[in-house]
Amino acid sequence: MPQTAAFIGGIQKMVLYETRARYFLVGSNQAETKHRVLKIDRTEPKDLVIIDDKHVYNQQEVRELLSRLDLGNRTKMGQKGSSGLSKSVMAFGIVGFVRFLEGYYIVLITKRRVMADIGGHYIYKIEDTTMIYIPNDSVRVTHPDEARYVRIFQNVDLSSNFYFSYSYDLSHSLQCNLTLLQRPYEQWLSEASSAEDKVHTQSKQDSFDIFEEEGLPTQVVYGLRNQPYYKYVWNGKLLERVKDTVHPDWLMYIIHGFCGQSKLLIYGRPVHITLIARRSSRFAGTRFLKRGANCEGDVANEVETEQIVHDASVTSFTAGSYSSYVQVRGSVPLYWSQDISTMMPKPPIRLDQADPYAHVAGLHFDQMLQRFGSPIIILNLVKKREKRKHEKILSEDLYPAVVNLNQFLPPEHCIEYIAWDMARYTKSKLCNVLDRLNMIAENVVKRTGFFINRSDFYCHTLRPDDRWRDVGGYMTSSGRLQTGVLRTNCVDCLDRTNTAQFMVGKCALAYQLYALGMIDKPKLQFDTDCVRLFEELYEDHGDTLSLQYGGSQLVHRVKTYRKIAPWTQHSKDIMQTLSRYYSNAFSDADRQDAINLFLQVYQPSEGKAHLWELPTDFYLHQKSTLILPHDRRSYTMWWTQGILSYLPVPYDEAACEDTMKKVKVKRVNRFDESIDIYTEFYKPYELTLFDDTFSIIMSNAARELMPKYVGVDPSPFTVRKPEETGKSVLGSKSNKEEAVLQRKTAASAPPPPSEEAISTTSEDDSEEDRDDEGSVSQRSTPIKLLIESGESSRTQEEIQPQQTVKEPYGLNLSELPAEKDVLIYKRFAHLGENQHMVERSERINLAKIIYLEPVSQFPEDSIYGVCPPQVDRDSREVFESHVMTGRGHVRVLCREDMLMYREYVKNRYM
């Protein structure tokens with residue numbers, strides 16, 4: 001069976017040349033060995049004329065072509081002073097072509113930056129673009145409103161969170177991209193036969209085989225080019241005019257959202273954790289202007305978040321180990337909105353249209369069944385109890401819609417609905433929010449499973465884990481597939497949703513690392529380097545998505561719900577709330593116009609009302625309301641035909657006729673540059689430095705969180721206190737006392753009632769925090785206590801077990817040092833006495849220096865003496881009671897102790 005590989009974009013560098021009559025866009029691959037030329041006519045004032053000659057030039061041929069064009073476009077033959085062909089701009093890709101009221105513009109990417117590396121496939125972020133007017137000034141027909149449309153179009157900042165890749169399809173998940181490569185050869189027999197005929201008709205240069213002359217068999221690879229998922233493509237409309245006329249190498253699709261990558265070092269073994277968020281381009285907009293769903297089932301603020309974990313020691317998709325987990329956020333799929341004309345921080349929610357048969361919800365969940373399979377799990381975080389109905393309105397309509405849709409689905413594929421008032425639990429003193437979210441996350445991950453492209457390790461059989469046996473998904477010969485998805489929503493799908501998604505992602509990350517053989521049990525605890533790294537990724541992810549939709553960063557973060565946020569965070573939250581309110585009130589309308597124009601939801605033309613003159617954009621996003629539908633979807637069979645036969649596997653990933661039509665297959669040589677990811681990544685044709693590679697200079701790495709002290713376990717799964725790490729989780733400005741106080745606050749938070757059987761991470765954190773407080777007291781200088789009974793004084797260090805001393809120091813300090821070591825130390829102390837001047841009147845006894853007790857936090861004065869602190873009587877009684885209890889002499893409990901214990905039992909268990 002021949003191997004399969006995805007095609008690599010053949011045009012990664014571009015140079016735009018200009019003449020009076022034409023633009024010549026010369027594109028080349030990364031090695032600059034193959035070139036293509038695109039001719040753009042400049043004599044047409046309002047039409048776009050593009051010619052692609054489909055010929056592949058080598059470097060010598062393209063130089064001769066440019067020299068002939070230069071010579072033929074000079075004003076006088078033989079004149080060398082004025083060139084007929086001038087270089088206009090260098091670029092890395094085409095965003096698209098757009099027209100307003102005059103001629104067409106071309107939008108080019110002029111700067112890029114590597115953001116992530118997935119199996120040798122680089123993901124780039126757009127850093128800068130340029131917009132060039134195509135028609136010549138001599139034929140230009142000016143319009144007074146053209147400049148205003150250009151300004152509105154450029155309000156979409158393409159240098160802010162737009163991403164692309166030449167060799168990796170960002171619009172699809174890793175599971176979809178890898179399962180496409182793993183399909184059997186028989187699926188391509190019909191497609192490959194027609195493509196193979198075209199291969200034989202190519203020139204000898206294209207079909208050259210290095211083994212042909214020696215009679216060796218040709219090593220064939222099937223190159224694949226899959227159709228992008230246009231829901232997450234943001235320049236699909238801008239390329240629609242040219243996609244059928246130019247070679248596919250010219251087309252480059254961009255996504256909008258977030259992309260971040262961190263490197264985790266597990267005893268030197270590199271593991272890359274990547275977070276990719278794809279924002280939907282349908283029904284896209286800003287916070288209060290886009291709510292609910294449109295008539296086609298597309299919801300506002302819909303974002304697909306995918307976390308990818310792979311062992312970076314092997315880069316190949318076929319030989320490496322890769323795992324991914326996908327979850328979704330999106331507005332409640334109903335017809336609802338909020339009136340922003342009242343200038344209120346929380347405008348009232350209103351249902352715009354009755355939908356008794358859940359038609360729009362059915363369209364939305366039909367899309368999810370096609371892309372993710374079953375089960376679809378809804379986590380609804382809106383409020384349930386309110387003095388005045390606000391968020392509760394949405395829950396009262398969403399739940400009946402889900403019940404109505406489920407009655408027609410098979411029981412094993414029904415939509416699962418989980419409603420939990422997260423805001424109410426946050427205010428309650430009797431509940432720990434993250435404990436409950438962790439319980440929900442465990443159940444969700446076990447239901448949906450996750451994707452991994454390798455089978456289980458033998459160590460999973462030797463040391464089985466009960467939780468690992470219950471993990472769902474679809475098992476294959478090469479691993480497992482994620483079936484179904486978690487859909488999380490609150491009202492805005494920002495703060496509460498991001499925290500819930502982080503907890504689900506943290507739980508899935510533990511299973512992913514366990515499946516890759518990195519940890520011995522599928523569980524991660526807070527305050528480890530791994531979780532801190534993952535939390536930073538999710539906070540950047542949440543801030544970015546919140547800025548795109550709400551106009552400000554997150555207000556409530558994971559630390560807020562853990563109750564360990566520093567006191568300065570409250571003032572920051574107030575500023576973010578004010579920033580969000582200002583953005584929603586004054587700038588959202590302009591941003592919405594820019595998004596509508598960029599996505600070509602509105603296309604200006606003569607005799608049509610201008611974009612800024614429209615009273616509302618409702619009819620731009622609700623197109624089917626203007627026409628009478630010819631085929632109305634059934635209220636009972638609300639899903640697309642053929643989906644149920646492939647469930648729980650997603651229909652888009654099944655090897656059926658509809659999905660096969662979206663894949664173009666071509667038979668190529670194994671060493672062809674168009675599919676050789678090794679040459680694309682390692683660049684053997686040029687001199688490169690390891691220090692310049694992205695994996696080495698990756699900014700967000702675990703080394704920033706490694707412990708500052710030598711001898712501490714460097715494992716990223718070891719629980720550490722914030723002050724023990726190189727990067728404090730509480731921020732650089734918070735001091736040590738504040739950190740200890742915040743951990744005490746977190747430890748005092750009681751867990752939720754009636755959940756004793758659930759081992760949650762927050763309870764573990766509380767126990768660890770209590771241990772931390774004990775360790776702080778152990779590090780302080782011992783205080784001598786006088787016992788009234790006349791017994792000899794003992795220090796606190798003497799009470800502690802001696803075995804614990806060996807752990808941090810590596811030796812038992814209670815044993816006497818060797819005579820040789822004492823002699824060396826005496827010489828050292830004598831040398832220090834002679835070298836340093838000591839401001840003391842009496843002579844210092846060397847023996848006292850050797851056997852001095854260590855001091856650290858006492859008020860006086862030097863290392864040679866100390867003034868014991870004054871301890872009041874109450875403190876002495878507490879300490880004496882503690883010592884006597886350790887010896888087995890427990891004093892009689894008083895009434896205050898009994899009341900305190902009853903209150904503790906009531907808060908924790910009742």
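Me: What makes the reach of helix H5 (residues 359-372) close to what is expected?

Reply: H5 has 14 residues, and from its first C-alpha to its last it reaches 20 Å, close to the 20 Å expected at 1.5 Å a residue. The expected span is 1.5 Å times one less than the number of residues. A helix here is a DSSP run of H or I with at least four residues, while a strand is an E run of at least two, both numbered from the N terminus. Keep in mind that this is a predicted model, where local features need pLDDT of at least 70 and side-chain atom pairs count only at pLDDT 80 or more, though totals for chains, interfaces and linings use all residues. Residues are numbered from 1 along each chain as its sequence is written, and side-chain values use heavy atoms, leaving out hydrogens and water.

Me: How do you know whether H5 is mostly covered or mostly open?

Reply: Count its buried residues: 12 of the 14 are buried, which makes H5 mostly covered. Among them are Val360, Leu363, Phe365, Arg371 and Phe372. The labels come from relative accessible area (buried under 20%, exposed over 50%, partly exposed in between, with a 1.4 Å probe and protein chains only).

Me: What is unusual about phi in alanine 358, and why is this residue called buried or exposed?

Reply: Phi of alanine 358 is near 55 degrees, a positive value in a residue other than glycine. Alanine 358 sits in the loop between strand E17 (349-351) and H5. Its relative accessibility is 3%, so it is called buried. Asparagine 301 also has a positive phi, about 50 degrees, and is not a glycine either. You will find asparagine 301 in the loop between strand E13 (269-279) and strand E14 (303-311), and a relative accessible area of 5% makes it buried.

Me: Which peptide bond on the other side of H5, in the loop before strand E18 (376-380), is cis or trans?

Reply: The bond from serine 374 to proline 375 is cis, with omega near 5 degrees. Proline 375 belongs to the loop between H5 and E18. Another cis bond joins leucine 647 and proline 648, with omega about 10 degrees.

Me: What makes glutamate 18 and arginine 42 a salt bridge?

Reply: Their N to O distance is 3.1 Å. The rule asks for a side-chain nitrogen of Lys or Arg within 4 Å of a carboxyl oxygen of Asp or Glu, so this pair qualifies. By this rule the count comes to 35 salt bridges.

Me: Why can this pair be said to tie parts together?

Reply: Glutamate 18 is in strand E2 (residues 13-18) and arginine 42 is in the loop between strand E4 (35-41) and strand E5 (50-52), so the parts they join are 24 residues apart in sequence. Glutamate 18, at 27%, is partly exposed, whereas arginine 42, at 7%, is buried.

Me: How do you know that arginine 241 and aspartate 47 form a salt bridge?

Reply: Their closest N and O atoms are 2.8 Å apart, which meets the salt bridge rule. Arginine 241 lies in the loop between strand E11 (220-226) and strand E12 (255-266), and aspartate 47 in the loop between E4 and E5, so this pair links parts 194 residues apart in sequence. Arginine 241 has 42% relative accessibility and counts as partly exposed; aspartate 47, with 36%, is partly exposed too.

Me: Why are arginine 532 and aspartate 527 called buried or exposed?

Reply: Arginine 532 has a relative accessible area of 4%, so it is buried. Aspartate 527 has 9%, so it counts as buried as well. These side chains meet in a salt bridge of 3.7 Å, N to O.

Me: What makes strands E1 and E24 edge strands?

Reply: They belong to an open sheet of three strands in the order E1-E11-E24, with mixed pairing. Strand E1 (3-6) and strand E24 (663-669) each pair on one side only, which makes them the edges. Two strands pair if DSSP finds at least two bridges between them.

Me: How do you know that the pairing is mixed?

Reply: E1 and E11 pair in the parallel sense over four bridges, whereas E11 and E24 pair in the antiparallel sense over seven bridges. For instance, leucine 224 has valine 665 in E24 as its bridge partner.

Me: Why is E11 called largely enclosed or largely open?

Reply: Five of its seven residues are buried, so E11 is largely enclosed by the rest of the structure.
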